[in-house]
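Reader: I am new to this structure. Please pick one part, take me through it closely, and show me how the rest fits around it.

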Amino acid sequence: MELIASGLANKQIAARLSIDSSTVDTYIDRIKRKLGVRGNRVVLALEALRLHYPDFPAGEAR
C-alpha cells in the first residue's frame, strides 16, 4: 500500500519488488475487492488510510 500511495506506477512497484507488473495488477485488484473499493488507486489509498486511521478525513471513498 505504501508504494501505491506514494504514486509509483505498477511497473515501478514491480521493479522494486522484483515481480512481474501483472502480479502487481492482480494484487491491487485483490486489495480493492477485499476493501470493497471501486475506482482508481487514489480511492484505494484513501480507503486504506480511512480503515487504518478511523479519524482520517477521507470521507466516503467507496
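Author: What follows is a close look at helix H3 and its surroundings. The model is a predicted one.

Start with the whole. The protein has four helices and zero strands. Along the sequence the pattern reads α-α-α-α. There are 62 residues, and 26% of them count as buried. Take the contacts between residues at least 6 apart in sequence: 27% of these join residues at least 24 apart. The accessible surface comes to about 4,600 Å². Carbon and sulfur atoms account for 53% of that surface.

Now H3 itself. The helix runs over residues 21–35, which makes 15 residues. How far apart should its ends be? At 1.5 Å a residue, the expected span is 21 Å, and the end C-alpha atoms are indeed 21 Å apart, so the two values agree.

Which residues of H3 are buried? They are Val24, Ile28, Lys32 and Leu35. Seen down the helix axis, these buried residues fall within an arc of 70°, so they line one face of H3. The general rule helps here. An α-helix has 3.6 residues a turn, so residues three or four places apart point the same way. On the other side of H3, Arg33 and Lys34 are exposed.

What does the buried face meet? The buried residues of H3 pack against three helices: H1 (2–5), H2 (10–17) and H4 (41–52). After H3 comes glycine 36. Its phi is positive, near 70°.

Next, the core. The largest nonpolar core has ten residues: Ile4, Leu8, Ile13, Ala14, Val24, Ile28, Leu35, Val37, Leu44 and Ala48. H2, H3 and H4 each supply at least two of them. The largest share, three residues, comes from H3. There is a general background to this. In soluble globular proteins, nonpolar side chains tend to be buried together.

Look at the neighbours in H2. Asparagine 10 lies in this helix. Leaving aside residues up to four places away in sequence, asparagine 10 touches Ser21, Val24, Asp25, Ile28 and Arg41. Its side chain also makes a polar contact with the side chain of aspartate 25, at 2.3 Å.

Isoleucine 13 is one of the core residues. With the same sequence limit of up to four places, isoleucine 13 touches Leu3, Ile4, Leu8, Val24 and Arg41. Val24 is thus touched by asparagine 10 and by isoleucine 13.

Glutamine 12 is also found in H2. Is glutamine 12 buried, exposed or partly exposed? Its relative accessible area is 43%, so it counts as partly exposed. Glutamine 12 and valine 24 are twelve residues apart in sequence. In space they are 9.8 Å apart, C-alpha to C-alpha.

Finally, turn to H4, one of the helices that the buried residues of H3 pack against. H4 has twelve residues, which should span 16 Å at 1.5 Å a residue; the end C-alpha atoms are 16 Å apart, which agrees. In H4, Leu44, Ala45, Glu47 and Ala48 are buried. They cover an arc of only 165° around the axis, so they sit on the same side of H4. The buried residues of H4 pack against H1 and H3. Leu44 and Ala48 also belong to the largest nonpolar core.

That brings us back to H3. Its buried residues line one face, and this helix gives the core its largest share.

Key
Residues are numbered from 1 along each chain as its sequence is written. This is a predicted model: local features need pLDDT of at least 70, side-chain atom pairs count only at pLDDT 80 or more; totals for chains, interfaces and linings use all residues. Side-chain values use heavy atoms; hydrogens and water are left out. Helices (H or I, at least four residues) and strands (E, at least two) are DSSP runs, numbered from the N terminus. The expected span of a helix is 1.5 Å times one less than its number of residues. Buried means under 20% relative accessible area, exposed over 50%, partly exposed in between (1.4 Å probe, protein chains only). The arc is that of the directions from the helix axis to the C-beta atoms. Contact means heavy atoms within 4.5 Å. Accessible areas come from the Shrake-Rupley method with a 1.4 Å probe; for residues, only the protein chains shown count as cover. A polar contact is a pair of N or O atoms within 3.5 Å; within protein, one must be able to donate a hydrogen and the other to accept it, and residues adjacent in sequence count only if both atoms are side-chain atoms. A nonpolar core is a set of buried Ala, Val, Leu, Ile, Met, Phe, Trp, Tyr and Cys residues joined through side-chain atoms within 4.5 Å.
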